[in-house]
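Work through the following exercises on charged pairs and on the burial of a helix. Each task is followed by a solution that goes step by step.

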Amino acid sequence: MRSSDQNLIILTIYIIVVSYVFNRMVESIDDQIKFEFKKGIVDDQLKEQNLDDKIGISFRFKSSYSIDDLKDLSLSIENKSDNIAVYVDWDNSSLVVEHSKQSRRVIRKSPDLTRDLAVPQSPSLIAPKKTLSETVTAEDVLQRQENGTYSASKPLIDINGLQKGQKKLYNDFMNRRKELDFSLQLVLRISEVRVGLAPGVNFPPISIINCPFTVRKLPWTYALPWNKKK
């Protein structure tokens with residue numbers, strides 16, 4: 001056998017081995033997803049209701065999550081005003097999942113959630129110049145533990161569950177051809193703190209703010225150490 005033929009065989013084997021190792025490396029990387037809060041849409045709603053200089057709404061997310069990792073939302077609502085009281089009506093707020101058409105009851109989490117979930121939740125007051133930071137989830141995510149407390153046992157958006165009834169949507173999402181959408185619809189009750197001023201005179205007594213989110217699958221290249229763009 002000529003030396004050139006041997007070199008070609010060795011090169012071919014090397015390429016096959018490298019390709020195999022590379023493919024196994026890619027397969028070993030956990031699927032990761034990214035949640036994005038569409039803040040601009042919320043800001044537009046606040047502006048339309050003349051509340052943009054009175055209320056600020058934000059959410060906190062990590063740069064990426066495993067498929068079943070996100071079980072709640074970290075929410076902050078700022079009362080930027082000098083003279084209005086803002087109440088968050090948890091029981092009339094809801095989580096809406098677009099692809100399943102679900103409207104789910106919102107539960108405000110506490111460090112020791114032991115109460116009966118059927119009991120109405122008290123609204124949270126945000127005084128002027130103060131910020132409320134809470135963690136919320138959907139009622140159907142919580143499961144009662146042996147010690148009597150409730151903890152989140154399911155993902156907030158059940159992506160793997162799509163394989164049962166929406167296989168095409170699941171494949172499109174995992175192959176990054178489609179994104180998933182859901183929203184937190186917050187019900188805020190607003191009133192003047194000045195004595196003698198009827199609610200609704202200067203601001204709507206009830207404001208429904210739709211907080212939309214997009215979920216997308218990240219490419220495997222997110223794991224590369226030099227890839228800072230998540």
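A residue is called buried under 20% relative accessible area, exposed over 50%, and partly exposed in between (1.4 Å probe, protein chains only). This is a predicted model, in which local features need pLDDT of at least 70 and side-chain atom pairs count only at pLDDT 80 or more, while totals for chains, interfaces and linings use all residues. Residues are numbered from 1 along each chain as its sequence is written, and side-chain values use heavy atoms, with hydrogens and water left out.

**Exercise 1.** Find which parts of the chain the salt bridge between Glu36 and Arg216 ties together.

*Solution.* Begin with the criterion: a salt bridge is a side-chain nitrogen of Lys or Arg within 4 Å of a carboxyl oxygen of Asp or Glu. The structure holds 15 salt bridges, and one of them joins Glu36 to Arg216 at 3.2 Å, N to O. Next, locate the partners, taking helices (H or I, at least four residues) and strands (E, at least two) as DSSP runs numbered from the N terminus. Because Glu36 lies in strand S1 (residues 32-37) and Arg216 in strand S13 (residues 206-217), the pair ties together parts that are 180 residues apart in sequence. Finally, Glu36 is partly exposed, at 30% relative accessibility.

**Exercise 2.** Place the partners of Arg105 and Arg108, and state whether Glu134 is buried or exposed.

*Solution.* Take Arg105 to start with: its salt bridge with Asp91 has its closest N and O atoms 3.1 Å apart. Arg105 lies in strand S7 (residues 102-108), whereas Asp91 lies in the loop between strand S5 (84-88) and strand S6 (94-97), so the pair links parts 14 residues apart in sequence. Arg105 is partly exposed at 22%, and Asp91 is partly exposed at 27%.

Then turn to Arg108, whose salt bridge with Glu134 has a closest N to O distance of 3.7 Å. Since Glu134 lies in strand S9 (residues 131-138) and Arg108 in strand S7, this pair ties together parts that are 26 residues apart in sequence. Glu134 counts as buried at 17% relative accessibility, while Arg108 is partly exposed at 27%. Salt bridges with shared partners also join Asp91, Arg105 and Glu139 into one network.

**Exercise 3.** Determine how the buried residues of helix H2 are arranged, and what covers them.

*Solution.* In H2 (residues 39-48), Val42, Gln45 and Leu46 are buried. Seen down the axis, the buried residues of H2 fall within an arc of 100° (taken from the directions from the helix axis to the C-beta atoms), so they line one face of the helix. Lys47 and Glu48, on the other side of H2, are exposed. The cover over the buried residues of H2 includes S1, strand S2 (55-60) and S13, where contact means heavy atoms within 4.5 Å.
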